[in-house]
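Reader: I've got a new model open and I'd like to learn how to read it. Can we start with the cysteines and then move on to the sheet?

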Amino acid sequence: MDLKALGCVVLLPIQILYYIVKATVCWVLPSRRRDLTGDVVLITGGGRGIGRHLAKEFAVRGAKKLILWGRTEKCLKEACEEIALMGTECHYFVCDVANREEVYKQAKVVREKVGDVTILVNNAAVVHGKSLLDSDDDALLKSQHINTMGQFWTTKAFLPRMLELQNGHVVCVNSILSLSPIPGAIDYCTSKASSLAFMESLTLGLLDCPGVGCTTVLPFHTNTEMFQGMRVSPGPPTYKQWFPQLFPPLKPEVVAQRTVDAVRTNTAFVYLPWTMHALVILKSMLPQSALEEIHKFSGSYTCMNTFKGRT
């Protein structure tokens, strides 16, 4: 090994320590927040659930224009009217993100009628809540096309212009299930894991692109229609008291607030609630047998047994 290579090996741990300290300081000290007053925000799945709350939160924080995409016109229209009453210009377009041609077509319409999108929020998702053998093949494909491939099409449609303007942000509303899957939602867990890999790769790929960033939000179980009926309840009665305090079901408005905060501070990854960090660390350390016992103990092993989903 020559001296230059040896020097690099010696400096590596020092550099790693430096960046850890730097990241910690940036996390503790208040950072400069992005001014949203000039931003045009597009939210997929913006008609209901977390998407609708995201639209309201961006409006409250002063976004210039909001664009809502979704498959149900009634929900989109109601959400758009609600945002307009808040004093923010809002538009909606019926668009299925699973349809590549439709995404590209509507993206062109958006640019012509509304303007350049500077913040893209990939929020649209579906879950069928069944085991692999009980799932219909078309339903499985639908989950992958909407939850994963939809992000490819929307990002390809709007990212090039963000890079030209050197101004943009790509957001993914993911799920902690991408890192800790559960039975009964194999389609959702698989698609979200793919989505997370997509965002990790995209985030690294944009490091040298000035003015353009990424945010991935990984929330725990959120109280929305999409997961209606899901119950996370630990086995031993003693732990039913403190378990909800450590791992509470999240309110969609809280997820929306934390997401917009992350965009404004250019935070790459957000785990909700904070206790999810412990879950990620434990999964990297514990053997599979221990993880299986934790799933059974926490109730996540059977939490989809009462799943109903959207009506």
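Author: Sure, and keep in mind that this is a predicted model. To call a disulfide, you want two cysteine sulfur atoms within 2.5 Å. Take Cys 214: the closest cysteine sulfur, in Cys 209, is 9.3 Å away, so that's too far for a bond.

Reader: How many disulfides does the structure hold, then?

Author: It holds 0 disulfides.

Reader: And is Cys 214 buried or exposed?

Author: Under 20% relative accessible area counts as buried. Cys 214 comes in at 5%, so it's buried. Cys 189 is buried too, at 4%.

Reader: Okay, on to the sheet. How do I read strand pairing, and what is the strand order here?

Author: Strands in a sheet pair through backbone hydrogen bonds, either parallel or antiparallel. Here you have an open sheet of 7 strands with parallel pairing, in the order E3-E2-E1-E4-E5-E6-E7. Strand E3 (89-94) and strand E7 (269-272) are the edges, each pairing on one side only. From one strand to the next, the twist averages 15 degrees.

Reader: Which bit should I zoom in on?

Author: Try E4 (residues 119-122) and E5 (residues 168-173), parallel strands joined by 4 bridges. Look for Ile 119, which sits opposite His 169 in E5.

Reader: Which strands does helix H5 touch?

Author: Helix H5 (residues 137-165) packs on the sheet and touches E1, E2, E4, E5 and E6, with its direction at about 170 degrees to that of E4. Then there's helix H6 (residues 186-205), which lies across E5, E6 and E7 and runs at about 150 degrees to E6.

Definitions and conventions:
Residues numbered from 1 in each chain as written. Predicted model: local features only at pLDDT ≥ 70, side-chain atom pairs only at ≥ 80, totals over all residues. Heavy atoms only, no water. Buried < 20%, exposed > 50% of the residue type's maximum accessible area, 1.4 Å probe, protein only. Pairing = 2+ DSSP bridges. Helix = DSSP H or I, 4+ residues; strand = E, 2+ residues; numbered from the N terminus. Axes fitted to C-alpha atoms, helices over the stretch in contact; angles between N-to-C directions. Contact = heavy atoms within 4.5 Å.
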